[in-house]
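Here is my note on the model you sent round. I have kept it to numbered points so that you can follow along on screen.

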Amino acid sequence: MKAFHHPDEAQHAPQFFLMRGTVRANFEVPARAASLRAGLDALGLKPEETKPAPREALLKIHTPEYLDFLEHAHAEWAAMPEAGAEIVPNIHPTPEMLAQSSRPAGHVISRAGAHTADAACPIGAGTWQASIGAAGCALAAADVAAKGGMAYALCRPPGHHAYAGRAGGHCYINNSALAAQRLRDAGAQRVAVLDIDSHHGNGTQGIFWDRPDVLTVSIHGDPSRYYPWYVGFAEEKGAANLNLPQPFGTSDEGWLAALDTAIAAIRQFKPDALVVPLGFDASEFEPLAALKVTEEGFKRAGHAIGRLKLPTAICQEGGYNVDLLGTLLQRFLTGFGEAR
Ligand code: ZN
């Protein structure tokens, strides 16, 4: 098992978070990465530093307009009088506007509304640099998997809520999608993405919606009560996807049964490689908990996924109980390793 991390991750330290109408401290913080690194240390895994993802790799998943926005918008934002420290838009184009052929004007506020889904993806001065560092880790993990191996990418910020042209839910560049595409480009005919973060992997599903070559499977808290609210339901059917929403409070037994269903679908798909968007927010001790998965549950999940014996790139997604993240990573990777 190899592991990858980029130190520029720490340059993204978002402040803004809106919850039920109140501004709170953002919890997608650099301390998460420190905790995850401690988990790797406990396993004797020393993460390698990667190169930031090059633009040509990012363009395989994201639009050029969106990448230009992410890279340059903060300077324009900061130059506005009385601007806050981070880009957080106060308007998004509505379906009615879009139906009238609306398009973003050149102003940074207009583009911010068009390129973000919600108020949970503030863009600060270091967000771009951190995001391309995380994306580089995902590509490096995919390169290991492309050679038949397995690797873990400590991606921060996470990525699975990001669409081709839109940030959302703490995510800017879709690291797991980049890894899946890199595996396709390296010769894998079919790639499966198995997302066990407690939130639906909506960005990844959206990116591969029309693609029969990439199966996206997501196990997550019921979106009728939980982010991302509008998608993640069982009836959504793209070219190759499977959503397994779980009732609030689902614990190990139900969650691992859903994982068995996911794994059966993946076996049937016969992929050449696997990408695992790995979130730990299904933990019973998660601050905004929807599910109740234990440490042992994560170890058993790692074991079940490892038993697929596929070349595998694991990309870190969410999980916000900073004190517990390292332990959960340790447990998951231990289970995964024992199955190989
Ligand atoms: Zn999540």
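1. A word on surface first: accessible areas here come from the Shrake-Rupley method with a 1.4 Å probe. On that basis the protein chain exposes about 13,600 Å², and carbon and sulfur atoms supply 54% of this area. Please keep in mind that this is a predicted model.

2. On the overall fold, the protein chain has eleven helices and ten strands. Its radius of gyration is 19 Å, close to the 20 Å that the globule rule gives for 340 residues, so the chain is as compact as a globular protein of that length. Along the principal axes, the C-alpha atoms fill a box of roughly 55 × 40 × 40 Å.

3. How much of the chain is buried? Of the 340 residues, 57% count as buried. Among the contacts with a separation of 6 or more, 78% are between residues 24 or more positions apart.

4. A quick look at charge: the protein chain carries 29 positive and 36 negative charges. The mean positions of these two sets are 6 Å apart.

5. Two peptide bonds deserve a look on your screen. The bond from Arg-156 to Pro-157 is cis, with omega near 0 degrees, and Pro-157 sits in the loop between strand 5 (150-153) and helix 7 (175-185). A cis bond also joins Tyr-227 and Pro-228, here with omega about 10 degrees. Pro-228 belongs to the loop between strand 7 (214-221) and strand 8 (241-246).

6. Next, some backbone angles. Arg-20 is not a glycine, yet its phi is positive, near 50 degrees. You will find Arg-20 in the loop between strand 2 (16-19) and strand 3 (22-25), where the residue is exposed, with a relative accessible area of 76%. Lys-309 likewise has a positive phi of about 50 degrees without being a glycine. The loop that holds Lys-309 runs between helix 10 (295-306) and strand 10 (312-316), and Lys-309 is exposed too, at a relative accessible area of 52%.

7. Now the cysteines. A disulfide is a covalent bond between the sulfur atoms of two cysteines. How many disulfides are there in the model? The count comes to zero, with a disulfide taken as a pair of cysteine sulfur atoms within 2.5 Å. Why is Cys-121 without a bond? The closest cysteine sulfur, in Cys-171, is 8.7 Å from that of Cys-121, which is too far for a bond. Cys-155 is in no disulfide either; the nearest cysteine sulfur, that of Cys-315, is 4.7 Å away.

8. Are Cys-121 and Cys-155 buried or exposed? Cys-121 counts as buried, because its relative accessibility is 2% and buried means under 20%. Cys-155 is buried as well, with a relative accessible area of 1%.

9. Finally, have a look at His-220, which is found in strand 7. With a relative accessible area of 0%, His-220 is buried. Which residues does it touch, leaving aside those up to four places away in sequence? His-220 is in contact with Asp-197, Ser-198, His-199 and His-200, with Gly-232, with Asn-243, Leu-244, Pro-245 and Gln-246, and with Leu-291. Strand 7, where His-220 lies, is also the strand at one end of the loop that holds Pro-228, so you can view both places together on screen.

Terms used: Residues numbered from 1 in each chain as written. Predicted model: local features only at pLDDT ≥ 70, side-chain atom pairs only at ≥ 80, totals over all residues. Heavy atoms only, no water. Helix = DSSP H or I, 4+ residues; strand = E, 2+ residues; numbered from the N terminus. Rg over C-alpha atoms; globule rule 2.2 N^0.38 Å. Buried < 20%, exposed > 50% of the residue type's maximum accessible area, 1.4 Å probe, protein only. Contact = heavy atoms within 4.5 Å. Lys, Arg positive; Asp, Glu negative; His and termini not counted. Charge placed at Lys NZ, Arg CZ, Asp CG, Glu CD.
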